[in-house]
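Trainee: I've got a chain open on my screen and I'd like to talk it through with you. Can we go over it together, one question at a time?

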Amino acid sequence: QVQLVESGGGLVQPGGSLRLSCATSGFTFDRYAIGWFRQAPGKEREGVSCISRSVGITYYADSVKGRFAISRDNAKNTVYLQMNSLKPEDTAVYYCVARPIWCSTTAADFGSWGQGTQVTVSS
């Protein structure tokens, strides 16, 4: 059974940084694409970033490009999302997602989801 556990969310001021972690188990980690989606109240679920299988090719939403960086540590079965220059519009619940093929921006393509971690950007 695939398990994804997010951590690292919290309250941060605009311009600050957070690093989210997604600890995984129950699957062959380096054969899965791992990504992050987020959802804010009243807004659609948005694909934030994704990292491919073992080669580590990355993808970012235009809204976070240049500010966020995704990485994976295959030895630890963990994916990270480094978030810099945070803005109030980044406030959302962030979900770690996984699928055993290429990255996707479609939420339904990901069969495995974590419970989410709240990120709040406010002064």
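**Walking through the chain**

Trainee: Let's start with F110; where is it found?
Mentor: This is a predicted model, so keep that in mind throughout. Follow the chain past strand 9 and stop before strand 10, which covers 112-113. F110 is found in the loop between strand 9 and strand 10.

Trainee: Is F110 buried or exposed there?
Mentor: The cut-off for buried is under 20% relative accessible area. F110 has a relative accessible area of 3%, so the verdict is buried.

Trainee: Which residues does F110 touch, once residues up to four places away in sequence are not counted?
Mentor: From the loop between strand 9 and strand 10, F110 reaches partners such as A33, F37 and C50. The rest of the set is V97, A98, R99 and S104. Put together, F110 touches A33, F37, C50, V97, A98, R99 and S104.

Trainee: And how far is F110 from N84, C-alpha to C-alpha?
Mentor: Along the chain, F110 and N84 are 26 residues apart. In space, their C-alpha atoms are separated by 26 Å.

Trainee: What about G111, is that buried or exposed?
Mentor: G111 is also found in the loop between strand 9 and strand 10. The cut-off for exposed is over 50%. With a relative accessible area of 71%, G111 is therefore exposed.

Trainee: How far apart are the C-alpha atoms of G111 and V2?
Mentor: Along the chain, G111 and V2 are 109 residues apart. Their C-alpha atoms, though, are separated by 9.3 Å.

Trainee: Zooming out, how many helices and strands are there in the chain?
Mentor: Read along the sequence, the pattern is β-β-β-β-β-β-β-β-β-β-β. The count is zero helices and eleven strands.

Trainee: What is the radius of gyration, and how compact is the chain?
Mentor: The globule rule gives 14 Å for 123 residues. The chain comes close to that, so it is as compact as a globular protein of that length. Its C-alpha atoms fill a box of roughly 40 × 30 × 25 Å along the principal axes. The radius of gyration is 13 Å.

Trainee: Which strand gives the most to the largest nonpolar core?
Mentor: In soluble globular proteins, nonpolar side chains tend to be buried together. Here the largest nonpolar core has 27 residues, and those with the most contacts inside it are I34, W36, F68, V79, L81, M83 and Y94. Several strands each supply at least two residues, including strand 3 (18-25), strand 4 (33-39) and strand 8 (78-83). The one that gives the most, with four residues, is strand 9.

Trainee: How many residues are in the other core, the one with F37 and V97?
Mentor: That core lies apart from the largest one, and among its members are F37, V97, A107 and F110. We've already met F110 touching F37 and V97. The other core has seven residues.

Trainee: Which residues is Y94 in contact with, leaving aside neighbours within four places in sequence?
Mentor: Y94 is among the residues with the most contacts inside the largest nonpolar core. Its partners are E6, L20, W36, F37, R38, V48, F68, L81, M83, G116, T117 and V119.

Trainee: Now R67: buried or exposed?
Mentor: R67 is found in the loop between strand 6 (58-60) and strand 7. Leaving aside neighbours within four places in sequence, R67 is in contact with Q82, M83, N84, S85, L86, K87 and D90. At 11% relative accessibility, against a cut-off of under 20%, R67 counts as buried.

Trainee: S85 is in that contact set; what is its phi?
Mentor: S85 lies in the loop between strand 8 and strand 9 and counts as partly exposed at 42% relative accessibility. S85 is not a glycine, yet its phi is positive, at about 50 degrees.

Trainee: And what is the phi of N77?
Mentor: N77 sits in the loop between strand 7 and strand 8, and is partly exposed with a relative accessible area of 29%. Its phi is positive in a residue other than glycine, near 55 degrees.

Trainee: Last one: which residues does T91 touch, not counting residues up to four places away in sequence?
Mentor: T91 lies in the loop between strand 8 and strand 9, partly exposed at 22% relative accessibility. T91 touches A40, Q118, V119, T120 and V121.

Note on methods: Residues are numbered from 1 along each chain as its sequence is written. This is a predicted model: local features need pLDDT of at least 70, side-chain atom pairs count only at pLDDT 80 or more; totals for chains, interfaces and linings use all residues. Side-chain values use heavy atoms; hydrogens and water are left out. A nonpolar core is a set of buried Ala, Val, Leu, Ile, Met, Phe, Trp, Tyr and Cys residues joined through side-chain atoms within 4.5 Å. Buried means under 20% relative accessible area, exposed over 50%, partly exposed in between (1.4 Å probe, protein chains only). Contact means heavy atoms within 4.5 Å. The radius of gyration is taken over C-alpha atoms; the globule rule is 2.2 Å times the number of residues to the power 0.38.
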